[in-house]
Amino acid sequence: MSGPRTISRLGTPVREALDGAVTAIAAAGCDTPSLDAEVLLAHVLGVGRERLLLDADLLVSGGAVRAFQEAVRRRAVEREPVAYITGRRAFRRLELAVDRRALIPRPETELLVEAGLGLDAGARVLDVGTGCGAVALALKDERADLAVSGSELSAAALELAAENGRRLGLEVCWLRADLLAGVPAEFDAVLANLPYVRDRERAALAPEIRLHEPPRALLAGPDGLAAMSALLEQLAPRANVRTVALEVGAGQAPAVAQMVLAAGFARMRLERDLAGIERVVVGEGRR
Ligand SMILES: C[S@@+](CC[C@H](N)C(=O)[O-])C[C@H]1O[C@@H](n2cnc3c(N)ncnc32)[C@H](O)[C@@H]1O
């Protein structure tokens, strides 16, 4: 048997389900409707995205119909980020669990991990403001010899980081701390992607960020530098920290570079992201 009645009884062809979802997601103003729809449908069906395109017989049926409708509603109506809907985000070689307890790790933050890859064997490294643990865990994954710790002000984010560490079998030490307050003086290097959005820019953030990601993970005072400058003040007397790498917002690198030198680091270099933006300020050696 063939024809529309048979198809509707067995389920909806993937192409048809995707077309409807893309229309709804695009109408809501999301930037990448096709990609979003494919990632959500692959998640609901428990298959890889490529299978949606290659398997012409694949149907959306039963509970998957409702689950996909709900995922598309959350994306289009609530403007929820895809990663919070699927609960997963790829970062370097890892697949991290993510949820509203912490910021979704961004691709440009992988540069911070790269800054850590050049550290001496056995170095003790602290990822300050670790969120879901992305930087600390990726670094431990790629440099098992390093002694890696991750610290957080938010107990909820730290809990998520620890869950990720356990699930991935990566040994990272987790600390609850406001920047370096009460943190042992043993570290050779500090990496940090702290909040750097200016308070007044909050209203202009994309709804995915403004409505769903934790404000304390984003905002850092009138110039966006409050968290970083406080960290550098605390680093100044800790002369055993010989490397610092800080992720910064567009246009912030010159000011942060000055602060890094003022904190007593001898040399400074800037790393650009794929968009050509000066994204990571690295300070090395001590004066
Ligand atoms: C921009 S998010 C980055 C999270 C993570 N490093 C990443 O790249 O995905 C900044 C993180 O710093 C944390 N944070 C903010 N202020 C802090 C403070 N004073 N001490 C420690 N962590 C802080 C936030 O809770 C948030 O998880």
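Me: What makes this chain a two-part one, and where do domain 1 and domain 2 run?
Reply: The protein chain splits into domain 1 (2-78) and domain 2 (102-286), with bounds that come from an automatic or database domain assignment. Their C-alpha centres sit 37 Å apart. Keep in mind that this is a predicted model, where local features need pLDDT of at least 70, side-chain atom pairs count only at pLDDT 80 or more, and totals for chains, interfaces and linings use all residues. Residues are numbered from 1 along each chain as its sequence is written, and side-chain values use heavy atoms, with hydrogens and water left out.

Me: How do you know which residues surround the ligand?
Reply: A residue is near a molecule if one of its heavy atoms lies within 4 Å of it. There are 16 residues around the ligand, and the closest are G129, E152, D178, L179 and N193. The shell divides into 8 nonpolar, 5 polar and 3 charged residues. Here Ala, Val, Leu, Ile, Met, Phe, Trp, Tyr, Cys and Pro count as nonpolar, Asp, Glu, Lys and Arg as charged, and the others, Gly among them, as polar.

Me: What makes the pair between L179 and the ligand a polar contact?
Reply: A polar contact is a pair of N or O atoms within 3.5 Å. A backbone N or O atom of L179 is 2.8 Å from a ligand nitrogen, so the pair fits that cut-off. For G129, a polar backbone atom is 2.7 Å from a nitrogen of the ligand, and for L153 a backbone N or O atom is 3.3 Å from one. As for cover, the protein takes up 94% of the 590 Å² of accessible area that the ligand has on its own, by the Shrake-Rupley method with a 1.4 Å probe.

Me: Why is C132 called buried?
Reply: Buried means under 20% relative accessible area, exposed over 50%, and partly exposed in between (1.4 Å probe, protein chains only). C132 has 2% relative accessibility, so it counts as buried.

Me: Why does C173 count as partly exposed?
Reply: Because its relative accessibility is 40%.

Me: How do you know that C173 is not bonded to C132?
Reply: A disulfide is a pair of cysteine sulfur atoms within 2.5 Å. The sulfur of C173 is 17 Å from the closest cysteine sulfur, in C132, so that is too far for a bond. The structure holds 0 disulfides.

Me: And why is Q69 called partly exposed?
Reply: Q69 has 47% relative accessibility, so it counts as partly exposed. This residue is in helix α5 (residues 63-76).

Key. A polar contact is a pair of N or O atoms within 3.5 Å; within protein, one must be able to donate a hydrogen and the other to accept it, and residues adjacent in sequence count only if both atoms are side-chain atoms. Helices (H or I, at least four residues) and strands (E, at least two) are DSSP runs, numbered from the N terminus.
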